[in-house]
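Here is a short tour for a reader new to this structure. The route runs from the whole chain to its core, then to the surface and the backbone.

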Amino acid sequence: MSAPALTAAQQSAVQRRTVLVLSLGQVLGGIAFGATVSLGALLAADISGDDALSGLATASVTLGAALCAIPLARLAARVGRRRALTLGNLFALVGIAVVILAASLRVFPLLLAGILMIGAGNAGNLQSRFAATDLAVPAHRGRDLSIVVWATTIGGVAGPLLLGPGEIVGAAIGMPPQTGSYVFSFVAQSAALVLYLVALRPDPLLAAQRIATVAAAASSVQAVDRPVVARYAMFAIAGSHVVMASVMAMTPIHLSHMAHSMHAGHDAAAAAADVSQLVGITIALHVAGMYALSPVFGILADRWGRLQVVLFGQVLLGGSLIFAIFANDRAWGVMVALILLGLGWSAATVAGAALLTESSAPELRTRRQGRSDSLMSLSAAAGAVLAGVILSNFQYAGLGIAASVLVLIIVALSPLGRRARS
C-alpha cells in the first residue's frame, strides 16, 4: 500500500527538513565541484601539453552532467530523489579516484573520463535545486530553491581555497601534483552520500506525487501547462550557463598567461605559485558570486516575477563581459568580470528554474527538469570546447565578444516568457 498524502502541516515540516538536508548535501558536493573547476583546465593543459585542449576539461564535466541528467530525473520520478542523488554521489566518488589515477599515469583520455564522471555526479547536485521545489508552496518556490543553491557557496568557495592545503596534504602522502585537494573532495562526497541515504526521508518527490494525485482526484480543474514559457525558461537557463561556463573555463588559462608574462625571466617556481594563488582566489570569488546572493535572487523572483529576474541576470552577465573585453589585462578586471559572471548566472538560473517549474504541469515537471539540465550541460560542453579555440585565436576579449551574442538572444526572445497561455 502506498503511504497517505501529507497534511498541510506535515508538508511544511517535511519541506523545512528537506531544504536543510539538501543544503547540507550541497555544501559537501560543492567542494568537489570547486576543486574540479579550478584544477580541471590546468590538469588538462599540463597533461596534454596543449592549452587549446584545456577546454575539454570543462566540456567533460558538463558532458557528464548532460548524459546523466535525464536518466537521473527519470530514476527520481520512479523511485524518488533520495536514490537518484545517492547514485550521483557514487559517480562523483569514482570520478575523483580516476582523475587522481590519470594524473599519476599522465594519461589525458583517462583524465577526461574521470572528470566526466565527476560531472555525472554534478547532475545530482543540479537536481537538488529542483528537489527543493517538490513540496514548496508557489509563493516560496523561488526562495526555497535559492536556499539550496546558496548552500553550494560554502563548498564551492572552499574547493578552490583548499588548493594550497591540498597540495601540502597531497605531497605528504605521495599524490601527483595538483591533485591533493581531491582528498578533501572524496571525503566530502562520501559524507554527502551517507547524508542523503539516512536523512532525506520522507522522499520529497514521492510525497509531492501523492499530494498531486489526491488533489487531482478531488478537483475537476486541470493543472495549467505552458510549454512555450517552459521552453523559453530552458533556453534562458542553458544560454546563461554557456556564457558562464565558457568564460570561466578559460579564465585559469588566461590568468596563467598573465602571471607567467609578469615573471618572464624570473624563477619558474615563483610563477607557478602565483598562478595557483591567483587562480584560486579568482575562482573562489566567482563561485561566491554564483551562490552567495542566490537567496536574494530567489526572493526577488517571488516578488518581482521570474522573467524580470532572468533579464536582470542578463544585465549582470553583460556587465561581466564588458570587463572581460576591456579590462582583461589587469588581475582586478578579470576578478570583477568573474564576480559579475557568477552573479548573472545565479539570477538567471534561480529565476529560470522557478519559471520552468511553475509553467509545467505536475506530471511533466520532473521530465522537463531533466531535459533542462541535460540541455544546459550539453550546451556548456560545446561552449567550453569552442571557448578554447576562441581563446587560442582571438584571446580573452574575443571570447567575451562571442559570449555577448547569447546574452542578446536571451533578451530578444524574452517576450516568449511572458505568455499567460501557451
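Start with contacts across the chain. Among contacts between residues at least 6 apart in sequence, 85% join residues at least 24 apart. This is a predicted model.

**Overall build**

The protein chain has 14 helices and 0 strands. Its pattern along the sequence reads α-α-α-α-α-α-α-α-α-α-α-α-α-α. The chain has 422 residues, and 57% of them count as buried. Its accessible surface is about 16600 Å². Carbon and sulfur atoms hold 69% of that surface.

**The cores**

Which residues touch the most other members of the largest nonpolar core? They are Tyr232 and Leu341, in a core of 58 residues. Several helices give two or more residues to this core: helix H1 (8-48), helix H5 (141-161), helix H9 (227-262), helix H10 (268-291), helix H11 (294-304), helix H12 (306-326), helix H13 (331-358) and H14. Helix H9 gives the most, with 15 residues.

Look at Leu341 again. Neighbours within four places in sequence are left aside here. Leu341 is then in contact with Val243, Met244, Val247, Met248, His286, Leu317 and Ser320.

There is also a second, separate core, with 16 residues. Among them are Ala44, Ala102, Leu111 and Ile118.

**An aromatic pair**

The structure holds 3 aromatic pairs. One of them joins Phe323 and Trp332: the ring centres are 6.4 Å apart and the planes stand at 80 degrees, so the pair is edge-to-face. The cut-off for that label is an angle over 60 degrees. Both rings belong to partly exposed residues: Phe323 has a relative accessibility of 28%, and Trp332 has a relative accessible area of 47%.

**A surface patch**

Three leucines, Leu63, Leu67 and Leu378, make a nonpolar patch on the surface. Together they have about 240 Å² of accessible area. Leu63 sits in helix H2 (residues 55-79). Leu63 is partly exposed, at 30% relative accessible area.

**Backbone exceptions**

Most residues other than glycine have a negative phi, and most peptide bonds are trans. Three places in this chain are worth a look against that background.

What kind of peptide bond joins Arg201 and Pro202? The bond is cis, with omega of about -5 degrees. Pro202 lies in the loop between helix H7 (182-199) and helix H8 (204-218).

The other two places concern phi. Arg106 is not a glycine, yet its phi is positive. Arg106 is in the loop between helix H3 (81-105) and helix H4 (108-131). Gln395 is not a glycine either, and its phi is positive too. Gln395 is found within helix H14 (residues 362-412).

The table sets out the values for these two residues.

| Residue | Phi | Relative accessibility | Class |
|---|---|---|---|
| Arg106 | about 55 degrees | 45% | partly exposed |
| Gln395 | about 65 degrees | 60% | exposed |

Is Gln395 buried or exposed? At 60% relative accessibility, Gln395 counts as exposed, because the cut-off is over 50%. Arg106, at 45%, counts as partly exposed.

**Where to look next**

Turn the model to helix H9, which gives 15 residues to the largest core. Then find Leu341 and its contacts, including Val243 and His286. End at the cis bond between Arg201 and Pro202.

Terms used: Residues numbered from 1 in each chain as written. Predicted model: local features only at pLDDT ≥ 70, side-chain atom pairs only at ≥ 80, totals over all residues. Heavy atoms only, no water. Phe/Tyr/Trp six-rings, centres within 6.5 Å; stacked < 30°, edge-to-face > 60°. Buried < 20%, exposed > 50% of the residue type's maximum accessible area, 1.4 Å probe, protein only. Patch = residues over 30% accessible without salt bridge, like charges linked within 9 Å, V, L, I, M, F, W, Y side chains within 5 Å. Areas by Shrake-Rupley, 256 points an atom, 1.4 Å probe, with all protein chains shown as cover. Salt bridge = Lys/Arg side-chain N within 4 Å of Asp/Glu carboxyl O. Helix = DSSP H or I, 4+ residues; strand = E, 2+ residues; numbered from the N terminus. Contact = heavy atoms within 4.5 Å. Core = buried A, V, L, I, M, F, W, Y, C linked by side-chain atoms within 4.5 Å.
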